[in-house]
Amino acid sequence: QVQLVESGGGSVAAGDSLRLSCAASGRAWSGYTMGWFRQVPGKNREVVGVIRWNSGKSYHPESVKDRVTISRDSAKSTVVLQMNTLKPEDTAVYYCAATPKYWTDISLYTETSFDYWGQGTQVTVSS
């Protein structure tokens, strides 16, 4: 049974950092692209980073690339999202996801591209 379990969310002040983790289990992830999305009420999920499991190549949208880094630890089967200099507009539920698809253009990764999802973890940034 495939499981993606997020952890590390919480309430922080603007300017702080957070490290989200996604424990991925239930299948071999080679050949998969792992992603982190975020969602605020009333809006679609927005991708904030993807990483190809095998190569470790990662991509981020311009809106967050200076503050957010996705990485993976193959030995621990974990995908990490490091977020720095957090802003109130980063407040959202953050989701981990996985897909066998792979593109080098981050804009091609949408919610419908992904097959597996975690339950989400809340991040709240206060000003």
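1. Two strands are said to pair if DSSP finds at least two bridges between them. In this predicted model, S3 and strand S8, residues 78-83, meet that criterion, pairing in the antiparallel sense over 6 bridges. Within this pairing, Ser21 has Val80 of S8 as its bridge partner.

2. On the evidence of the bridges, S3 also pairs with S1, again in the antiparallel sense, here over 5 bridges. In that arrangement Val5 stands opposite Ala23 of S3.

3. The side chains of S3 alternate between two faces. Leu18, Leu20, Cys22 and Ala24 point to one face and are buried, whereas Arg19, Ser21, Ala23 and Ser25 point to the other and are not buried.

4. The structure holds 1 disulfide. The bond is formed by Cys22 and Cys96, with their sulfur atoms 2.1 Å apart, and the link is left-handed, with -75 degrees about the S-S bond. Because Cys22 lies in strand S3 (residues 18-25) and Cys96 in strand S9 (residues 92-99), the pair ties together parts that are 74 residues apart in sequence. Both cysteines, Cys22 and Cys96, are buried.

5. Glu6 merits a separate comment. This residue lies in strand S1, residues 3-7, and is buried yet has no salt bridge. The nearest side chain of opposite charge belongs to Arg45, 7.2 Å away; a salt bridge would require a side-chain nitrogen of Lys or Arg within 4 Å of a carboxyl oxygen.

6. What does the side chain of Glu6 reach instead? One of its polar atoms lies 2.8 Å from the backbone nitrogen of Cys96, the residue that forms the disulfide with Cys22. The side chain of Glu6 also reaches the backbone nitrogen of Gly120, at 2.9 Å.

7. Leaving aside neighbours within four places in sequence, the residues in contact with Glu6 include both disulfide partners, Cys22 and Cys96. Also among them are Ser21, Trp36, Tyr94 and Tyr95, together with Gly118, Gln119, Gly120 and Thr121.

8. Two residues that are not glycines deserve inspection of their backbone angles. Ser77 has a positive phi of about 50 degrees and is found in the loop between strand S7 (68-73) and S8. Thr85 has a positive phi of about 45 degrees and is found in the loop between S8 and S9.

9. Are these two residues buried or partly exposed? Ser77 counts as buried because its relative accessibility is 19%, the cut-off being under 20%. Thr85, at 46% relative accessibility, counts as partly exposed.

Key:
Residues are numbered from 1 along each chain as its sequence is written. This is a predicted model: local features need pLDDT of at least 70, side-chain atom pairs count only at pLDDT 80 or more; totals for chains, interfaces and linings use all residues. Side-chain values use heavy atoms; hydrogens and water are left out. Helices (H or I, at least four residues) and strands (E, at least two) are DSSP runs, numbered from the N terminus. Buried means under 20% relative accessible area, exposed over 50%, partly exposed in between (1.4 Å probe, protein chains only). Lys and Arg count as positive and Asp and Glu as negative; His and the chain ends are not counted. A polar contact is a pair of N or O atoms within 3.5 Å; within protein, one must be able to donate a hydrogen and the other to accept it, and residues adjacent in sequence count only if both atoms are side-chain atoms. Contact means heavy atoms within 4.5 Å. A disulfide is a pair of cysteine sulfur atoms within 2.5 Å.
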